[in-house]
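Q: Please take a close look at a single part of this model, starting from one turn of the chain and following its surroundings step by step. A careful account with the cut-offs spelled out would be most useful at the bench.

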Amino acid sequence: MPPLFHMIGGAPDPVAPFSHAVEADGWVFVTGQMPFTGTSIDTPYPEGIEAQTHAVMGNLRTVLEGCGLDLSHVLSARIFLTHFEEDYERMNAVYRGYFAAGRLPARTCVGVSGLAKGARVEIDFIARR
């Protein structure tokens, strides 16, 4: 079966040329989401790492739901932080609340020099149908 390229209604407009998710053989690769609070990429981000993490997780949920999945299908996450030392623990406190105890995805978290439109956090997922 050829790959499926998903563009999800209700998810933020892309900031670059990409699909919201690409699916092949039951694997769903969800593009990193930014902390937009609506579909327009021209609205300002919420203030602070907690609010931005909630916004990113909400956008990831929207993409997963558009693919017929939810957070229980997530196997791996990558998190990118522009203010790593300052934001790591506070981001973790928010992130942890989205997953059931004992069902945390594998994860990588790295500090980066910049993200699109000045975001403090971006997260992507690999899920399995």
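A: D25 is found in the loop between β2 and β3, where strands (E, at least two residues) and helices (H or I, at least four) are DSSP runs numbered from the N terminus. This is a predicted model, in which local features need pLDDT of at least 70 and side-chain atom pairs count only at pLDDT 80 or more, while totals for chains, interfaces and linings use all residues. Residues are numbered from 1 along each chain as its sequence is written, and side-chain values use heavy atoms, with hydrogens and water left out.

Phi of D25 is near 50°, a positive value in a residue other than glycine, and the hairpin to which D25 belongs has 2 residues between its strands. D25 counts as exposed because its relative accessibility is 64%; the scale calls a residue buried under 20% relative accessible area, exposed over 50% and partly exposed in between, using a 1.4 Å probe and protein chains only.

On either side of this loop, β2 (residues 21-24) and β3 pair in the antiparallel sense over 4 bridges, pairing being accepted if DSSP finds at least two bridges between two strands. Within that pairing A21 stands opposite V30 of β3, and V30 also has a bridge partner in β6, namely F125. β3 and β6 are likewise antiparallel, over 5 bridges.

F125 leads from the sheet to the interior, as F125, M57 and I123 have the most contacts inside the largest nonpolar core, which has 28 residues. A nonpolar core here is a set of buried Ala, Val, Leu, Ile, Met, Phe, Trp, Tyr and Cys residues joined through side-chain atoms within 4.5 Å. At least two residues of this core come from each of β3 (27-33), α1 (49-66), β4 (74-81), α2 (84-96) and β6 (121-128), and the largest share, 6 residues, is from α1. Apart from this core lies another, of 6 residues, including M34, Y45, L115 and A119.

The helix α1 deserves its own description. Its 18 residues should span 26 Å at 1.5 Å a residue, and the end C-alpha atoms are 26 Å apart, which agrees; the expected span is 1.5 Å times one less than the number of residues. Among the buried residues of α1 are I49, V56, M57, L60 and L64, and the buried residues of this helix pack against β2, β3, β4, α2 and β6. Just after α1, G68 takes a positive phi of about 80°.

A119, one of the residues of the other core, sits in the loop between β5 and β6 and counts as buried because its relative accessibility is 2%. Leaving aside neighbours within four places in sequence, A119 is in contact with M34, P35, Y45, Q52 and T82, contact meaning heavy atoms within 4.5 Å. The C-alpha atoms of A119 and H83, 36 residues apart along the chain, are separated by 10.0 Å.

The loop between β5 (106-111) and β6 also holds K117, whose phi near 55° is a positive value in a residue other than glycine. At 47% relative accessibility, K117 counts as partly exposed.
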